[in-house]
Amino acid sequence: MQHISKEDAQKRVDQIAHFKAELEQLEQNDVLTLSEVQKRRVSNYHTTLINSLALAYDIDATVEEKQLSLGMKIASFLGALALAASIFFLFYQFWGKFSTLSQVIILVLAPMIGLVVTLFAYYREKTGYFAKLTGLVTLASFVLNISMFGQIFNLTPTVNASLVWALFAFLLAYASDTRLLLAFGIILFGGFLSAKVGTWSGIYWVHFGERPENFLPVAFLLFFISLLQHHRFSGFQPIYRVFGMLFFFIPVLILSNWGYISYIYAHHGTIEVFYQIIGFAFSAGAIWLGIRKHWGEVVNTGNVFFVIFLYTKFYDWWWEWMPKYLFFLIIALSSILILLVFKRLRTATVASSQKVSV
């Protein structure tokens, strides 16, 4: 069997379930009737395929199994948070009783042991929930350990710590196939690179957030990474795409309303108009690209920010002088207009797909 991600394996099983339901409907409507031999061959093939996928990836073959898996995900996440908090308070309660050498040894060994346990859990326990739990705890202990090193040796805080944390989070994410760890790694790396961009422009790294444009290089880099293949990892590409869009649209949204904090030397009104145009153009472009590439998360994120840009402009134009009932009426009418536009786009998309199939 070709090596695929767990997400692809789950999609294959869901596809089989939809096929069975559709086949039953076709038989009830006397559109298609398979012979008993054909039914048995199809059923045996699907049963063998589902069993092999379940053995390799621990996918959910029924609705009940999906519900239980959701509960297990929530339990593992809450367990990781609770265990990380327990380690944090344990450190602070007994830390002063250890010698400096003992503290250093503990700080060095703790994340290494956590990494080994995470890898062991990932390869021994196919569901991956325990690997996710230990991975989150390991990342939390690593972040805490680096902070404790700084306190022990009185080191000056530096943005490079975020890079070290990010690299360790990426290592854990790719080792245990955990999207939550990948999200933490992206956030930490985004903070590091944005702070570096701020320092290159002459800002002390702690104040990098005062210039939203510091985040834009991160946005383009993450979106480029999302174009790379991640077949072996479940849902990593959408995570990169969504965070890339967030790192882009949030700064653009801020600058479209507060242009005076931009690097651009121009009147703040001109800067705000410039970023408003950028926001509308790129959000509309994201919707188009997402539809074209079948990236649902890109379409949804583009929709959200297009509506936010539109409504913030309505607020700027009309809130102060327009009667409130009229303002919200315009909001409602604009929502209906957007709905009609998307309905028309959907109809055109369906029509084009039908032409292709014919």
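This talk describes the nonpolar cores, the salt bridges and one buried lysine of a predicted model.

Let me begin with the interior. The largest nonpolar core holds 50 residues, and those with the most contacts inside it are Leu-182, Ile-186 and Phe-247. Among the elements that give two or more residues to this core are helix 5 (129–152), helix 7 (179–200) and helix 11 (296–318). Helix 9 gives the most, with 11 residues. Consider Leu-182 in particular: leaving aside neighbours within four places in sequence, its contacts include Phe-170, Tyr-174, Phe-236 and Tyr-240. A second, separate core has 8 residues, including Val-13, Ile-16, Leu-49 and Leu-53.

I turn now to charged residues. How many salt bridges does a search of the whole structure find? The search finds 2. In one, the side chains of Arg-241 and Glu-297 meet at 2.6 Å, N to O. This pair links helix 9 with helix 11, and the two residues are 56 residues apart. Arg-241 counts as buried because its relative accessibility of 5% is under 20%. Glu-297, at 19%, counts as buried as well.

In the other salt bridge, the side chains of Glu-27 and Lys-39 meet at 3.5 Å, N to O. Glu-27 lies in helix 1 and Lys-39 in helix 2, 12 residues apart. Here Glu-27 is partly exposed, at 22% relative accessibility, and Lys-39 is partly exposed too, at 30%.

Finally, is Lys-313, in helix 11, buried or exposed? Lys-313 is buried, with a relative accessible area of 10%. Not counting residues up to four places away in sequence, Lys-313 touches Gln-276 and Phe-280.

How values were computed. Residues numbered from 1 in each chain as written. Predicted model: local features only at pLDDT ≥ 70, side-chain atom pairs only at ≥ 80, totals over all residues. Heavy atoms only, no water. Core = buried A, V, L, I, M, F, W, Y, C linked by side-chain atoms within 4.5 Å. Buried < 20%, exposed > 50% of the residue type's maximum accessible area, 1.4 Å probe, protein only. Helix = DSSP H or I, 4+ residues; strand = E, 2+ residues; numbered from the N terminus. Contact = heavy atoms within 4.5 Å. Salt bridge = Lys/Arg side-chain N within 4 Å of Asp/Glu carboxyl O.
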